[in-house]
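Let's walk through this one together, question by question. Keep the viewer open and follow along.

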Amino acid sequence: QVQLVESGGGLVQAGGSLRLSCRFSGRPFSSYVMGWFRQAPEKEREFVAAISWSGGSTYYTDSVKGRFTISRDNAKNTVFLQMNSLKPEDTAIYYCAADTNVNRVRSGANAYWGQGTQVTVSS
């Protein structure tokens with residue numbers, strides 16, 4: 001069965017950095033578009049970033065462009081989200097997402113989700 005397990009969340013001061021990891025298992029990892037979403041308290045789930053099967057194409061929401069970088073290591077079945085220059089507004093639960101179709105991932109209609117990891121950015 002497909003399983004996504006996130007790690008790397010935590011508490012960091014504004015301006016600091018964190019790297020989230022999501023390990024995928026159960027299906028050939030290279031066949032899947034991977035993405036990250038986040039949900040802040042009392043707000044709707046928000047698309048953050050996505051990366052194509054090969055890693056050649058990446059997509060970001062405007063608020064994280066220039067600060068966050070999504071990458072993947074297909075040999076390790078893992079997708080990463082490097083988060084730099086963190087702001088309190090980035091505080092949220094971050095979810096890993098996977099699907100074979102890039103549009104389903106970008107729209108949040110992807111087939112598979114991780115359980116989430118908490119990121120808290122203090123002022």
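Q: In E11, which residue is the bridge partner of Ala 92?
A: Keep in mind that this is a predicted model. E9 and E11 run antiparallel and are joined by three bridges. Look in E11 for the residue paired with Ala 92, and you land on Val 119.

Q: Which residue in E10 does Ala 98 stand opposite?
A: E9 also pairs with strand E10, which covers residues 112-113. That pairing is antiparallel and has two bridges. Opposite Ala 98 in E10 you'll find Tyr 112.

Q: Over how many bridges do E4 and E9 pair?
A: These two strands pair in the antiparallel sense. One spot to look at is Val 33, which stands opposite Asp 99 in E9. The count of bridges between E4 and E9 is seven.

Q: How many of the eight residues of E9 are buried?
A: Buried here means under 20% relative accessible area. Cys 96 lies in strand E9, and its relative accessible area is 0%, so Cys 96 makes the cut. E9 is largely enclosed by the rest of the structure, because the number of its residues that are buried is seven.

Q: Which residue does the disulfide join to Cys 22?
A: The disulfide count for this model is one. Cys 22 sits in strand E3 and its mate in strand E9, so the bond ties together parts that are 74 residues apart in sequence. The S to S distance is 2.1 Å, and the residue joined to Cys 22 is Cys 96.

Q: Is that disulfide left-handed or right-handed?
A: Start with the torsion about the S-S bond of Cys 22 and Cys 96, which is about -90°. With that value, the disulfide is left-handed.

Q: In what order do the four strands of the open sheet come?
A: The pairing in this sheet is antiparallel. E1 (3-7) and E7 (68-73) each have a single partner strand, so they stand at the edges, with one side of each left without a neighbour in the sheet. From one strand to the next, the twist averages 15°. Reading across, the order is E1-E3-E8-E7.

Q: Which residue in E3 is the bridge partner of Leu 4?
A: E1 and strand E3 (residues 18-25) run antiparallel, with five bridges joining them. The bridge partner of Leu 4 in E3 is Phe 24.

Q: Is Thr 78 buried or exposed?
A: Thr 78 lies in strand E8, which spans residues 78-83. Leaving out residues up to four places away in sequence, it touches several others, including Cys 22, Phe 29 and Asp 73. A polar atom of its side chain lies 2.8 Å from the backbone oxygen of Lys 76. The cut-off for buried is under 20%, and Thr 78 has a relative accessible area of 9%, so it counts as buried.

Q: Which residue in E5 is the bridge partner of Trp 36?
A: E4 and E5 run antiparallel and share five bridges. E5 is mostly covered, with five of its six residues buried. The bridge partner of Trp 36 in E5 is Ala 49.

Q: And which residue in E6 is the bridge partner of Ala 49?
A: Three bridges join E5 to strand E6 (residues 58-60), and the two run antiparallel. In the hairpin of E5 and E6, Gly 55 takes a positive phi near 90°. Ala 49's bridge partner in E6 is Tyr 60.

Q: What is the phi of Glu 42 near?
A: Glu 42 sits in the loop between strand E4 (33-39) and strand E5 (46-51). Its relative accessible area is 88%, so it is exposed. Phi is positive here in a residue other than glycine, with a value near 65°.

Q: Is Ser 85 buried, partly exposed or exposed?
A: You'll find Ser 85 in the loop between E8 and strand E9 (92-99). Its phi is positive too, near 50°. Its relative accessibility is 40%, so Ser 85 counts as partly exposed.

Q: How many residues does the largest nonpolar core have?
A: Met 34, Trp 36, Val 79, Leu 81, Met 83 and Tyr 94 have the most contacts inside this core. E3, E4, E5, E7, E8, E9 and strand E11 (117-122) each supply at least two of its residues. Apart from it lies another core of six residues, among them Val 33 and Phe 37. The residue count for the largest core is 28.

Technical notes. Residues are numbered from 1 along each chain as its sequence is written. This is a predicted model: local features need pLDDT of at least 70, side-chain atom pairs count only at pLDDT 80 or more; totals for chains, interfaces and linings use all residues. Side-chain values use heavy atoms; hydrogens and water are left out. Buried means under 20% relative accessible area, exposed over 50%, partly exposed in between (1.4 Å probe, protein chains only). A polar contact is a pair of N or O atoms within 3.5 Å; within protein, one must be able to donate a hydrogen and the other to accept it, and residues adjacent in sequence count only if both atoms are side-chain atoms. Contact means heavy atoms within 4.5 Å. Two strands pair if DSSP finds at least two bridges between them. Axes are lines fitted to C-alpha atoms, for helices over the stretch in contact, and angles run from 0 to 180 degrees between N-to-C directions. A nonpolar core is a set of buried Ala, Val, Leu, Ile, Met, Phe, Trp, Tyr and Cys residues joined through side-chain atoms within 4.5 Å. A disulfide is a pair of cysteine sulfur atoms within 2.5 Å.
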